[in-house]
Amino acid sequence: MNLHALLHRRTESGRPVRVALIGAGKFGSMFLAQVPSIAGLEVAVIADLNPERAREACRTVGWDEARIAGTRFVADGLDACRADDVEVVIEATGHPEAGIRHALAAIEAGRHIVMVNVEADVLAGPLLAEKARERGVVYSMAYGDQPALVAEMVDWARAAGFTVAAAGKGTKYLPVYHQVTPDDVWTHYGLNAEQAKAGGMNPQMFNSFLDGTKSAIEMAAIANACDLDVPEQGLAFPPCGVDDLAQVMRPKSVGGQLDRDGMVEVVSSLERDGRPVFRDLRWGVYVVLKAPNDYAAACFKQYGLPTDSTGRYAAMYKPFHLIGLELSISVLSAALRGEPTGSTRAWRGDAVAVAKRDLKAGEMLDGEGGYTVYGRLAPASRSKAARMLPIGLAHGVRLTRDVAAGTVVTEDDVALDAERLAVRVRREMVERFG
């Protein structure tokens, strides 16, 4: 609650917070749109595979030519990580292996790192966070994205003395979405391919939001950052509106749908027959908290907080998230307070690859949001024991044997290059934290 005041002090001392952004896509562009209105926050370097596209993104979000001219544009993210005049690096590529490479480079260079790249964080975050702590820099989730917002709500609940029964987000979900491919994704968004292309929307990326992959990745990140459990059989996506969170997202022993207190779960904005849920949480995040005693439960009622039928469980929620428009909170927290807005602590959950259809030996997997696999949430212990293939390694790898539809792909089913950086770091993480 004092970041703006701290930034004002830094600005008055002539020491602006200087940032490097890697990846000028939608998330990065939304951050760039806010920069001109935040005195004392400067973007020194923008790295993108297409620097001219990054310049155009700056123009699109309203940067004037003077600000563009004062910013360095490079094609290599490693150059941005090692820039001498940078304090915080934002990794916003969405590519797991690139994210790991950039995080390691930023940490080695003594820069704070804000990981918009949840894919890389779920693949190897515990190890990356440990390396950052050893180097004395911040490794942080990206505020504005759901995992950081949920981590904030969980921290609030625990700091206030409540037990966290459940935490997560809302999304649009039906079971058939697990088989959707980039070819038919737009029908579920109410668009046609031409409209989506005109809006610069990537079908594979948007399909990952729909087919359950992004939800699995984000809930794994939340579990790992907040020491929460994940469902044994993956996310259930129960239909639930904001008024029913406390009733539905509580343990089965008291009439809810969770195995126990302390779980992550995603609620659907659609009933299973496709009807919209009343007062849904499609764009938001939530935490269900449990009163520690009768007195606190009575206070819930006295102050108008909706509860479950026992009066012990109540929910807090945030109906929207603004992704890149809120990202400066992470940057300033790292630079001015030396604190992350959520950070991986342990390996509790994993996002693993599941066959969308019957797959044959010799086929090439195409990763998150593609035609071959989707991501499912799994307990990290089960993932390690069964050698499940993380979704972050399921792109550009060839199957060595058939995998039936609905079956988890394992590392024994594919030909992984043991020399790849992402493979080496992942295996080091599993060995260290498994």
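Me: Let's start with E326: does this residue count as buried or exposed, and how do I tell?

Reply: Compare its relative accessible area with the cut-off: under 20% is called buried. E326 has a relative accessibility of 13%, so it counts as buried. Keep in mind that you're looking at a predicted model.

Me: Okay. Which residue does the side chain of E326 meet in a salt bridge?

Reply: For a salt bridge, look for a side-chain nitrogen of Lys or Arg within 4 Å of a carboxyl oxygen of Asp or Glu. Here the partner is K318, with 3.7 Å from N to O. K318 has 29% relative accessibility, so this residue counts as partly exposed.

Me: How many salt bridges does that rule give?

Reply: The count comes to 33. A nice one to find is D261 with K290, where the closest N and O atoms are 3.3 Å apart. D261 sits in the loop between α12 (245–248) and β8 (263–268), while K290 belongs to strand β9 (residues 285–290), so this pair ties together parts that are 29 residues apart in sequence. D261 counts as partly exposed, at 24% relative accessibility. K290 also counts as partly exposed, at 25%.

Me: What about R387 and E411?

Reply: Their side chains meet in a salt bridge too, at 3.9 Å from N to O. R387 is in the loop between α15 (380–385) and β14 (395–399), and E411 is in the loop between β14 and β15 (414–415), so the pair ties together parts that are 24 residues apart in sequence. As for accessibility, R387 is partly exposed with a relative accessible area of 38%, whereas E411 is buried with 14%.

Me: Which residues are linked in a network of salt bridges?

Reply: Look for E52, R55, E56, R59 and E65, which are linked in such a network.

Me: Now the sheet. In what order do its strands come?

Reply: First, the general idea: strands of a sheet pair through backbone hydrogen bonds, either parallel or antiparallel. In this model, 6 strands form an open sheet with parallel pairing, and the order is β3-β2-β1-β4-β5-β6. At the edges are β3 (72–74) and β6 (139–141), each of which pairs on one side only. From one strand to the next, the twist averages 25°. For a single pair, try β1 and β2: their parallel pairing covers 6 bridges. You'll find V17 standing opposite L41 in β2.

Me: Which strands do α7 and α14 lie across?

Reply: To read this, see which strands a helix touches and then compare the directions of the axes. Helix α7 (residues 118–135) lies across β5 (112–115) and β6, and runs at about 150° to β6. Helix α14 lies across β1, β2, β4, β5 and β6, at about 130° to β1.

Me: And helix α2? Which of its residues are buried, and what covers them?

Reply: In α2 (residues 26–34), the buried ones are F27, G28, S29, M30, F31 and L32. Their cover includes β1 (17–22), β2 (41–47), α3 (51–60), β4 (88–91) and α14.

Me: Can loops hold buried residues? Where does S343 lie?

Reply: S343 is a good case: it lies in the loop between α14 (328–337) and β11 (349–355). S343 has 17% relative accessibility, so it counts as buried. Beyond its neighbours within four places in sequence, S343 contacts A129, Y139, M141 and A225. A polar atom of the S343 side chain lies 2.8 Å from the backbone oxygen of Y139.

D308 is another, found in the loop between α13 (294–302) and β10 (313–318). At 4% relative accessibility, D308 counts as buried. The side chains of D308 and T310 are joined by a polar contact of 2.8 Å. Leaving aside neighbours within four places in sequence, D308 is in contact with A246, Q247, R250 and Y313.

Me: Last one: how many residues does the largest nonpolar core have?

Reply: A core like this is a set of buried nonpolar residues joined through side-chain atoms. The largest has 92 residues, and I100, L365, L389 and V409 have the most contacts inside it. Not counting residues up to four places away in sequence, I100 touches A120, L123, A124, L128, L421, A422 and V425. Another core, of 31 residues, lies apart from the largest one, with I38, A92, A142 and L336 among its members.

Notes
Residues numbered from 1 in each chain as written. Predicted model: local features only at pLDDT ≥ 70, side-chain atom pairs only at ≥ 80, totals over all residues. Heavy atoms only, no water. Helix = DSSP H or I, 4+ residues; strand = E, 2+ residues; numbered from the N terminus. Buried < 20%, exposed > 50% of the residue type's maximum accessible area, 1.4 Å probe, protein only. Polar contact = N/O pair within 3.5 Å; in protein donor to acceptor, adjacent residues only side chain to side chain. Contact = heavy atoms within 4.5 Å. Pairing = 2+ DSSP bridges. Axes fitted to C-alpha atoms, helices over the stretch in contact; angles between N-to-C directions. Core = buried A, V, L, I, M, F, W, Y, C linked by side-chain atoms within 4.5 Å.
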